Amino acid sequence: MSTESEQQYDPSAEAVESAASGRRELKPPKASGVHLEQGAKVPSASPAAQSGPEHVVEPVAYDAILLSGFGGPEGQDDVLPFLRNVTRGRGISDERLEEVAHHYRRFGGVSPINDQNRLLRQGLKAALAEAGLDLPVYWGNRNWAPYLDEALESAAGDGIRRMIAIPTSAYSSYSSCRQYREDWADALEASGTQGIIQIDKVRQFFSHPGFIQPFIEGVRDGIAAAAQAGHDASNVEVLFSTHSIPTQDAELSGAGLFTDVDGGGYAAQHLAVAEEVMAAAAPGVSWQLVYQSRSGPPSQPWLEPDINDALEALEHRSAVLIVPLGFVSDHMEVIWDLDTEAIETADRLGLWSLRTATPGTHPAFVGALVDLVQERIVGRPVEARANATTLGPWFDVCRPGCCANKRLGFSPAIAGLQP
């Protein structure tokens with residue numbers, strides 16, 4: 001299978017640099033194919049998921065969990081190689097990458113994401129033990145060390161044969177779901193574990209009450225803080241912020257169920273969560289969904305409004321709460337685009353502002369991840385699954401073509417029906 005990314009990507013220069021430095025700087029190459037058991041419709045899946053049911057209600061005995069992160073640099077020398085991994089196949093020069101690199105360089109070249117995932121892994125281990133689940137947690141990243149293929153090599157060496165993967169992303173889109181599935185396929189082939197390790201994934205967990213609870217608490221506490229600072233709730237605007245994505249990608253998100261919704265399933269899922277948060281935390285307070293971290297050429301439409309434009313357009317408000325609804329933890333996009341740029345915009349406009357917390361290692365969130373694993377272990381019926389919005393519980397097995405990227409074409413992916 002040939003893709004745009006395979007045609008454009010030449011790793012030779014980076015490979016020389018990596019060998020010279022003694023550091024591994026390259027993520028695994030794109031997989032050339034996937035492994036399908038005889039008669040299976042879903043590659044590298046457990047027997048219960050191989051036929052592609054929307055929800056798997058047959059109990060599955062897993063050997064381990066694969067906690068899957070985006071990855072981030074942990075020093076100045078890591079920044080450019082990391083960004084090359086993130087943008088592989090797009091033909092972006094190092095000069096352009098340096099325009100983004102300064103966000104990381106301002107913080108010593110270190111993204112908080114890896115430490116966040118280390119803490120999440122520790123919390124997950126503790127919560128699993130408390131629930132009586134003897135499952136090791138392997139951690140791998142898509143774009144920086146520890147890489148996913150390294151995690152799979154380690155797991156295979158430990159005798160692991162069946163894993164359930166938890167991506168650190170709650171919503172449906174190419175970048176937040178399908179790209180994880182593609183990178184798992186890449187990692188299986190690169191690690192030599194294709195046909196050895198089976199990997200299922202937990203459902204997209206945007207609608208799980210444990211994911212939503214930290215945001216409810218954040219908004220509730222934020223409204224109280226604004227009141228203490230002298231701002232009545234009628235003067236507060238709540239801005240739910242998430243990463244912007246290309247409009248074309250958004251329209252293809254959500255298994256084709258949201259063709260009549262601007263922003264497709266990606267926007268619809270965020271709106272459903274925001275509605276639940278506001279109903280529980282601050283009914284009657286004004287709010288809107290906004291976007292951040294846009295990249296790509298100006299000619300390419302992306303989801304709007306940008307959070308800074310939304311701040312500029314506010315009228316009859318004296319305070320804003322910024323809620324990082326699209327993020328599991330404090331990524332660079334949170335500490336730069338929100339804590340730095342958006343807060344500076346609010347200050348310039350004379351608005352009192354507060355950014356609420358991401359779920360991070362909140363006990364309710366960690367408990368939700370354990371519950372997502374448990375529902376697959378016991379084969380929990382759909383009607384008995386934890387769900388707080390009208391759009392869930394989401395699919396266990398991704399549907400054909402779900403969250404496609406038309407610019408890049410279909411690359412090998414697991415945990416879903418082909419293509």
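**Sheets, a one-sided helix and two annotated residues in a predicted model**

The mean pLDDT of the protein chain is 93, and 95% of its residues reach 70 or more; pLDDT is the predictor's confidence in each residue, from 0 to 100. This is a predicted model, so local features need pLDDT of at least 70 and side-chain atom pairs count only at pLDDT 80 or more, while totals for chains, interfaces and linings use all residues. Residues are numbered from 1 along each chain as its sequence is written, and side-chain values use heavy atoms, with hydrogens and water left out. The weak stretch is residues 1-21, where pLDDT stays under 50. For that stretch the model has 35 contacts beyond four places in sequence, a contact being heavy atoms within 4.5 Å.

Strand 1 (64-69) makes a handy starting point. Helices (H or I, at least four residues) and strands (E, at least two) are DSSP runs, numbered from the N terminus. Strand 1 is mostly covered, with six of its six residues buried; buried means under 20% relative accessible area, exposed over 50% and partly exposed in between (1.4 Å probe, protein chains only). Both faces of the strand are covered: Ala 64, Leu 66 and Ser 68 are buried on one side, and Ile 65, Leu 67 and Gly 69 on the other. Strand 1 runs parallel to strand 3, joined to it by five bridges, and Ala 64 has Met 163 of strand 3 as its bridge partner. With strand 2, too, the pairing of strand 1 is parallel and takes in five bridges; here Leu 66 is partnered by Tyr 138. Two strands count as paired if DSSP finds at least two bridges between them.

Helix 6 (residues 148-157) has Leu 148, Asp 149, Ala 151, Leu 152 and Ala 155 as its buried residues. They cover an arc of only 155° around the axis, which puts them on the same side of helix 6; the arc is that of the directions from the helix axis to the C-beta atoms. These buried residues pack against strand 1, strand 2 (137-141), strand 3 (162-167), helix 7 (174-191) and strand 4 (198-201). Just ahead of the helix, in the loop between strand 2 and helix 6, lies Pro 146, and the peptide bond leading into it from Ala 145 is cis, with omega near -5°. After helix 6 comes Gly 159, with a positive phi near 85°.

Further along the chain there is an open sheet of four strands, paired in parallel in the order 6-5-7-8. Its edge strands are strand 6 (286-292) and strand 8 (352-355), each of which pairs on one side only. The twist averages 25° from one strand to the next. Helix 10 (residues 264-281) packs on this sheet and touches strand 5 and strand 6, its direction making about 145° with that of strand 6. Axes here are lines fitted to C-alpha atoms, for helices over the stretch in contact, and angles run from 0 to 180 degrees between N-to-C directions. Strand 5 (residues 236-243) pairs with strand 6 in the parallel sense over seven bridges, and Glu 237 stands opposite Ser 286 in strand 6.

The loop between strand 6 and helix 11 (307-313) holds two backbone oddities. Ser 293, which sits in this loop, has a positive phi of about 60° although it is not a glycine. At 14% relative accessibility, Ser 293 counts as buried. Pro 305 is found in the same loop, between strand 6 and helix 11, and is joined to Glu 304 by a cis peptide bond with omega about 10°. Cys 403, in the segment after helix 13 (363-377), is another non-glycine residue with a positive phi, near 60°; it is buried, with a relative accessible area of 1%.

An unreviewed UniProt entry places the feature "binding site" at Ser 111 and Tyr 180. UniProt positions are given in the numbering used here, feature names are shortened, and annotations may be inferred rather than shown by experiment. Ser 111 is in the loop between helix 4 (94-105) and helix 5 (113-130) and counts as buried at 5% relative accessibility. Leaving aside residues up to four places away in sequence, Ser 111 touches Gly 72, Pro 73, Tyr 104 and Met 332. Tyr 180 lies in helix 7 and is buried, with a relative accessible area of 4%. With that sequence exclusion of up to four places, the contacts of Tyr 180 include Ser 68, Gly 69, Arg 142 and Thr 168.
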